[in-house]
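Colleague: I'm new to this one, and I'd like a close look at a single part: one helix and the sheet it lies on. Could you walk me through it slowly?

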Amino acid sequence: MNPSCNLFIVGPTGAGKTSIGRRLAAHYGLPFVDLDQEIEQHCGVPVSTVFEIEGEAGFRQRESQLLDECSRCAGVLLATGGGAVLDPVNRRHLAERGYVVWLQATIEQQLERLARDTRRPLLAGEDRRGKLDAMRETRAPLYREIADLTVSGEHENVAAATERCIALIDTHWNRTQAA
C-alpha cells in the first residue's frame with residue numbers, strides 16, 4: 001500500500017478518469033483537479049489549440065509543469081491526461097506523491113465512449129482504433145509501473161463504476177491526513 005493523502009487517477013482516454021474522478025472526489029471529500037482542464041485554464045484556450053500552436057511537445061511541457069504543481073498539493077484527487085505517464089518525471093511524481101489508481105478500458109469501450117468526441121487531437125483523422133492500439137501498447141506498461149490499484153473496465157454506467165472503484169479503493173488505499 002502507498003500511504004498518501006492524495007488520490008491520482010491515470011488511464012487511457014475514454015476510461016472515465018474525469019467522470020469517475022469527480023464522483024470519487026466528492027465521496028472522499030477531496031478537491032477535484034482535472035489536469036487537462038488546468039492546462040486550459042492556464043493557457044486560456046482548449047487543449048486542441050495548445051496542440052495546434054505548440055505541438056505535442058509544447059503541450060507535454062505544460063502538462064508536466066502543472067502535474068508537478070498539482071501533485072504537490074495535499075489532499076487532492078488529480079485526474080491526469082492519458083499521456084501524462086509518458087514522461088518519467090511525471091511518473092515519479094505520481095508514484096511518490098499519491099495513491100495511483102489505473103482505470104482501464106478496452107479499445108471497444110474507448111471507441112464507443114469517444115465516438116462523438118472531436119476534441120482530442122491525438123485521435124484526429126482516420127483509424128482511431130489503430131491510434132488507440134498504438135497508445136495502449138506504449139502507455140499500458142507505464143500505467144502498470146506506477147499503479148497502486150488497477151480497476152478493470154466494465155460495461156456499466158458511471159455510478160456503478162464509481163461504486164466499484166470505491167469498494168476497491170477502500171480495501172487498498174492507506175489514506176493519510178493532509179498536512
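Modeller: Let's begin with a term: a polar contact is a pair of N or O atoms within 3.5 Å, and within protein one of them must be able to donate a hydrogen and the other to accept it. Keep in mind, too, that this is a predicted model.

Now to the part itself, helix 4, which covers residues 88-97. At its N-terminal end sits a cap, Asp87, with a side-chain oxygen 2.7 Å from the backbone nitrogen of Val89.

From there, follow the helix along. It lies across strand 1, strand 3 and strand 4, and it runs at about 140° to strand 1. Which residues of helix 4 are buried? They are Asn90, Arg91, His93, Leu94 and Arg97. These buried residues cover an arc of only 160° around the axis, which puts them on the same side of helix 4. Turn to the face pointing away from that buried side and you'll find Pro88 and Glu96, both exposed.

What covers the buried residues, then? The cover includes strand 1, strand 3 and strand 4, along with two other helices, helix 3 (47-71) and helix 6 (128-146).

Those strands belong to an open sheet of 5 strands, paired in parallel, in the order 2-3-1-4-5. Strand 2 (32-34) and strand 5 (149-151) stand at the edges with a single partner strand each, so one side of each has no neighbour in the sheet. On average, neighbouring strands here are turned by 20° against each other, ignoring direction.

Look at the strand 2 edge for a moment. Strand 2 pairs with strand 3 (residues 77-79) in the parallel sense, over 3 bridges, and Asp34 stands opposite Ala79 of strand 3. Helix 1 (residues 17-28) packs on the sheet as well, touching strand 1 (7-10), strand 2, strand 3 and strand 4 (99-103). The direction of helix 1 makes about 160° with that of strand 2.

For a companion to helix 4, try helix 7 (residues 158-172). Its buried residues are Ala161, Thr162, Cys165, Ile166 and Ile169. They sit on the same side of helix 7, because their arc around the axis is only 140°. Glu163 and Thr171 are exposed on the other side. The buried residues of helix 7 pack against strand 1, helix 1, strand 4 and strand 5. At the start of helix 7, a side-chain oxygen of Asn157 comes to within 3.2 Å of the backbone nitrogen of Ala159.

Note on methods
Residues are numbered from 1 along each chain as its sequence is written. This is a predicted model: local features need pLDDT of at least 70, side-chain atom pairs count only at pLDDT 80 or more; totals for chains, interfaces and linings use all residues. Side-chain values use heavy atoms; hydrogens and water are left out. Two strands pair if DSSP finds at least two bridges between them. Helices (H or I, at least four residues) and strands (E, at least two) are DSSP runs, numbered from the N terminus. Axes are lines fitted to C-alpha atoms, for helices over the stretch in contact, and angles run from 0 to 180 degrees between N-to-C directions. Contact means heavy atoms within 4.5 Å. Buried means under 20% relative accessible area, exposed over 50%, partly exposed in between (1.4 Å probe, protein chains only). The arc is that of the directions from the helix axis to the C-beta atoms. The expected span of a helix is 1.5 Å times one less than its number of residues.
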